[in-house]
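The following exercises concern the architecture of a protein model with more than one chain. Please examine the sequence and the coordinates before attempting them.

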Amino acid sequence: MSAVRPSHLAGIALLVVLAVLPALPGMRALLFPLTLTNIMATLAIAWNLLFGYAGLLSLGHSFFFGAAGYASAILSKSYGIPVPVAMVIGAAVSSGIAALVGLPSLKLRGHYFVLVTLVLPAVAYQLTNALDVLGGHDGIFGVPPLVRDSYAVYLGSLFLMLASLVASAFVIRSRLGVEMISVREDEEAAKALGVDTPRVKLYALMISAFLSGLAGAYWAHLNGVISPSVYELEKASMPLLMSVLGGKGTLLGPVIGAYVIQTLFESLKIEAIATARLFVFAAATFAIYRIFPQGLMGVLRRVIG
Amino acid sequence: MAEPLVVFFYGLVTSLIFALYSVGFSLVFGVARVIDAAYGIWYTTAAYLVYALVTRLLLPLPVTVVVVVASMVALGISYYAVLVRGLQEKVEMIMTTFLVALMAQYLIVAIFTNFPWSIPALFPGSTQVLGVSLFNQQVAAAITAFLLLLVLWYLVYRTKMGLAIRAVAQDKEAALLMGINPDRVMAFTLALSCSLAGIAALLQAPNSVISPTMGWPMLTLAFAVVVLGGMGDFFGAIIASFIIGFSYQLITNLVNPLYSMAAALAMILLVLWLRPRGLFGRSLE
């Protein structure tokens, strides 16, 4: 780790380009889409930490994303709590709900957890629609922004993505990370070797929910509004499509997937393709999942190596 | 406030349709050991098929029924042969079937758009039963679902194919040694489950609007039924369908329809926490 590797230099160079690019004249139109991309990449990183490393499949990460967004929006708008503090509390709320939901389902075999995550956003969608406290069908308007300057918001999103990446790397290299991978590879064997598997899965879920929550809160303050549509299937499927496309179980895979999908998403806004583009993404992800389980990262590695 | 008799009747109809639908999910889980995350989309697919046949092609009812069931059987068999057969590991299975569901859903959006189309009642009009006015569509749905559940019971517990299904559910290798072809049994089970999803759509979707996401709540309810009744337990699934069907109608009519899903989730979590093998403890896992 001590020696500076060429890949590290390339990464730093790429970061500098990303930081400076939208500030160049004529590039301001890129600010909002790229901010969105960084947020979605953060969500994909969080999802991938859970699935790619602990082997826990979540089909409802939009729930952790949206719940923190709601909590942060309400705390900052109605209670006047400073936005950064509200975002952290919001993410903690997501993490807490994750623990509540995870406790009964994580002691069982993996597939019970998957089905529970599938139900979560659907329930949240109905509840936020029903409860006036949460803004009802229209959602919550006038959520205060983190900062007024959109370039600063963009830099913040880049920092958020980088921080999640570093946090992921840190978790993966810790004892917890090793235990997570052992659960993914063979839960029974991990148990036999004395790994407290329900606890490992619970921690992985809580960390993932916390990072998703930060992304969701950032998203709510970016848009200034959050409504039940955040819980729709499209948001829930995005981190999955991005991670699988980019390469699940790799650090950078979700980021690459997020950038590829969001770029295509923005450029395919032509009417004829717009209705079919979600189908195209799903089909492409399906094909990649079946044919190249390692995703674009796997393809890249094979080309370079 | 709705009349108790009306709530009772709709609870009955809902329960019977849930039972028909969930038994398919439960059988596929118990026999083929497949958790079909696409099980909701088969319901949606069948509903759009009914819509296309009835309102666009103007086919008569018997032809519609035959075409829908035949297509769902063909779909189930090809689904098994092309995809499900090669899946071994549970999480991979759910991921693959979920991606299939996403593709199918977005394909439906691309073809039919998100517009909430409506299907006219296949059995129009209403009947007076005990002084309560009931839609004929619902009465027909209740009778059909009841009869089909009887047929299903006969199929699973009184025929040779049913014996083979239960044998494979208990022990695939042992069944193979007894001369049963597990591949055929599993293909049959998937065809059966897909056609049950199709029939549920045929009974439920007319007289209401359809949407590309309509299958996900159904999948949630099937999951709740299976958790409550125990995975792969035929009678458990039917009893659980009645518990969930009646609670669903009670909450919808007395509290607020928007709380029904939250109640289902609370029920799932509570049972998973306290009685993970299902209320009757006969689950396979």
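The exercises below treat each chain in turn and then the nonpolar core; the model is a predicted one.

**Exercise 1.** Determine which secondary-structure elements make up chain A, and assess its compactness.

*Solution.*
Step 1. Chain A contains 14 helices and zero strands.
Step 2. Read from the N terminus, its elements run α-α-α-α-α-α-α-α-α-α-α-α-α-α.
Step 3. For 305 residues the globule rule gives 19 Å, and the radius of gyration of chain A is 19 Å, so chain A is as compact as a globular protein of that length.
Step 4. Along the principal axes, the C-alpha trace of chain A spans about 55 × 45 × 45 Å.

**Exercise 2.** Carry out the corresponding analysis for chain B.

*Solution.*
Step 1. Chain B has 11 helices and four strands.
Step 2. A compact globule of 285 residues would have a radius of gyration near 19 Å; the value for chain B is 19 Å, which agrees.
Step 3. The C-alpha atoms of chain B occupy a box of roughly 55 × 45 × 35 Å along the principal axes.

**Exercise 3.** State what share of each chain is buried, and describe the exposed area and the charges.

*Solution.*
Step 1. A residue is taken as buried when its relative accessible area is under 20%. Buried residues form 53% of the 305 residues in chain A and 54% of the 285 residues in chain B.
Step 2. Chain A exposes about 13,100 Å², of which carbon and sulfur atoms supply 70%. Chain B exposes about 11,900 Å², with 70% again supplied by carbon and sulfur atoms.
Step 3. Chain A carries 19 positive and 13 negative charges, whose mean positions lie 7 Å apart. In chain B, the mean positions of the 12 positive and 9 negative charges are 7 Å apart.

**Exercise 4.** Identify the residues that touch the most other members of the largest nonpolar core, and list the contacts of A:Leu57.

*Solution.*
Step 1. The largest nonpolar core comprises 205 residues, and those touching the most other members are A:Leu57, A:Met180, A:Leu240, B:Trp42 and B:Phe98.
Step 2. Helix 1 of chain B (residues 4-32) gives the most to this core, with 17 residues.
Step 3. Set aside the neighbours of A:Leu57 within four places in sequence. In chain A, A:Leu57 is then in contact with A:Trp47, A:Phe51, A:Phe113, A:Val114, A:Thr117 and A:Leu240.
Step 4. From chain B, the contacts of A:Leu57 are B:Val91, B:Ile94 and B:Met95.

Notes:
Residues numbered from 1 in each chain as written. Chains lettered and ligands numbered in written order. Predicted model: local features only at pLDDT ≥ 70, side-chain atom pairs only at ≥ 80, totals over all residues. Heavy atoms only, no water. Helix = DSSP H or I, 4+ residues; strand = E, 2+ residues; numbered from the N terminus. Rg over C-alpha atoms; globule rule 2.2 N^0.38 Å. Buried < 20%, exposed > 50% of the residue type's maximum accessible area, 1.4 Å probe, protein only. Areas by Shrake-Rupley, 256 points an atom, 1.4 Å probe, with all protein chains shown as cover. Lys, Arg positive; Asp, Glu negative; His and termini not counted. Charge placed at Lys NZ, Arg CZ, Asp CG, Glu CD. Core = buried A, V, L, I, M, F, W, Y, C linked by side-chain atoms within 4.5 Å. Contact = heavy atoms within 4.5 Å.
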